[in-house]
Amino acid sequence: MPNLTTDPGIIQITDEIRQKAKDGHYVVSDVICHKDGHEYQFVDVVMEGGGTLGVALVGYIHALEQAGIRFLGIGGSSVGAIVALIAYSCGDRLEARGEKLASIIGDMNIGEMVDGNYFARKLSTLLGSKNASMRTLRIIFNAMLALPQLFSKLGLNPGDKLYEWISDQLAQNGVSTLADLNKLITTLPDGLTHRLTGEKISSYDTSLRIVVADITTSTKVVFPDMAAMYWKEPDKVNPASFSRASASIPAFFQPFTVGDISHLMENVERWERLGSFSGTLPNKVSFADGGLLSNFPIDLFKRQGIPRAPTFGVSLGDKSRTAKNVDKVEQYAERLFNALRHSADYDFIFK
């Protein structure tokens with residue numbers, strides 16, 4: 001991706017953003033902080049899932065930061081969950097994270113995340129190839145050979161490399177457990193005040209929120225809020241588990257699983273309250289891509305009344321709704337998939 005500090009086009013845009021911010025064009029929040037002659041405004045931000053297009057999320061974060069905007073809550077689904085988690089670990093509330101995020105995400109070797117058997121890796125490479133010569137026949141051939149892996153493991157790739165990569169990025173920022181992450185989540189900058197009243201803000205509902213699909217109990221899960229439903233000692237869990245679970249792209253990655261949750265039988269009340277699940281708890285749970293349930297979970301930070309800090313949504317596509325013909329199998333599959341992952345989000349956005 002282009003270098004955020006050296007690319008001429010990006011420099012021109014960020015210079016314009018900084019000047020407009022200086023001139024007072026971007027007044028968006030009542031939660032502010034002054035430091036070293038600068039005014040910082042605080043918002044919540046939610047990032048949409050979108051596969052490799054997720055790199056665009058980093059550019060949006062960088063642009064907001066150039067306008068003097070910083071973040072209280074950060075959330076997302078799928079690749080948005082990965083960017084959200086790493087962004088949260090990148091520094092304190094006042095520190096700009098865009099350039100560091102761009103370096104991390106830009107240096108990510110997506111090919112290394114393909115960690116299935118030979119035929120799964122070959123199929124993944126062919127699907128990403130732009131060379132049309134013999135590609136279709138090769139895809140069919142390798143798909144047939146990769147099917148046993150798909151049917152036996154429910155995905156072509158274990159996703160272990162993705163988990164390791166996320167874990168490594170967090171570790172470089174001093175985060176290895178949820179307890180480490182919570183220290184960042186609960187720490188507010190000094191001098192946080194209300195723009196209109198001047199009231200000092202000493203506490204605020206700040207959090208990381210990652211959407212995951214629990215396909216074992218048909219539950220929409222938000223991590224880390226609901227981590228205690230699945231782990232006996234959630235504070236010791238590596239947060240990389242949350243993003244790896246949310247990025248479990250069907251067929252491409254195997255579902256992320258958490259085993260032996262039967263010891264949490266005493267937490268049935270918590271399952272009923274948080275997950276609206278009152279059945280017998282399973283021995284293990286499988287998670288799939290959070291984007292299947294809510295690809296753009298803009299309601300993650302919904303609060304009662306008029307919020308002091310707004311929620312900014314980072315969408316990777318056009319949210320206008322248009323009718324499309326469904327006459328072919330591929331059209332049916334595409335529209336069915338899109339209806340599943342967008343319907344709940346559209347209910348919140350348009351109503």
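A residue is termed buried when its relative accessible area is under 20%. The exercises below concern a predicted model.

**Exercise 1.** Determine what share of the residues in the protein chain is buried, and describe the exposed surface.

*Solution.* Step 1: apply the cut-off to the 351 residues of the protein chain; buried residues make up 46% of them. Step 2: turn to the surface, where the protein chain exposes about 18000 Å². Step 3: divide that area by atom type; carbon and sulfur atoms supply 54% of it.

**Exercise 2.** Identify the buried residues of helix 4 and explain how they are placed around the axis.

*Solution.* Step 1: helix 4 spans residues 98–106, and its buried residues are G98, L101, A102, I104 and I105. Step 2: these residues cover an arc of only 170° around the axis, so they lie on the same side of helix 4. Step 3: recall the general geometry: an α-helix has 3.6 residues a turn, so residues three or four places apart point the same way. Step 4: find the packing partners; the buried residues of helix 4 pack against helix 2 (55–66), helix 3 (79–89) and helix 7 (160–172).

**Exercise 3.** Characterise the packing of helix 1 with helix 2.

*Solution.* Step 1: helix 1 comprises residues 8–22, and helix 1 and helix 2 pack at an angle of about 35° with their axes 8 Å apart. Step 2: list the contact residues: T14, I17, R18 and A21 from helix 1, and H62, A63 and Q66 from helix 2. Step 3: sort them by class; the contact has 3 nonpolar, 3 polar and 1 charged residues.

Note on methods: Residues numbered from 1 in each chain as written. Predicted model: local features only at pLDDT ≥ 70, side-chain atom pairs only at ≥ 80, totals over all residues. Heavy atoms only, no water. Buried < 20%, exposed > 50% of the residue type's maximum accessible area, 1.4 Å probe, protein only. Helix = DSSP H or I, 4+ residues; strand = E, 2+ residues; numbered from the N terminus. Arc of directions from axis to C-beta. Contact = heavy atoms within 4.5 Å. Areas by Shrake-Rupley, 256 points an atom, 1.4 Å probe, with all protein chains shown as cover. Axes fitted to C-alpha atoms, helices over the stretch in contact; angles between N-to-C directions. Nonpolar A, V, L, I, M, F, W, Y, C, P; charged D, E, K, R; others polar.
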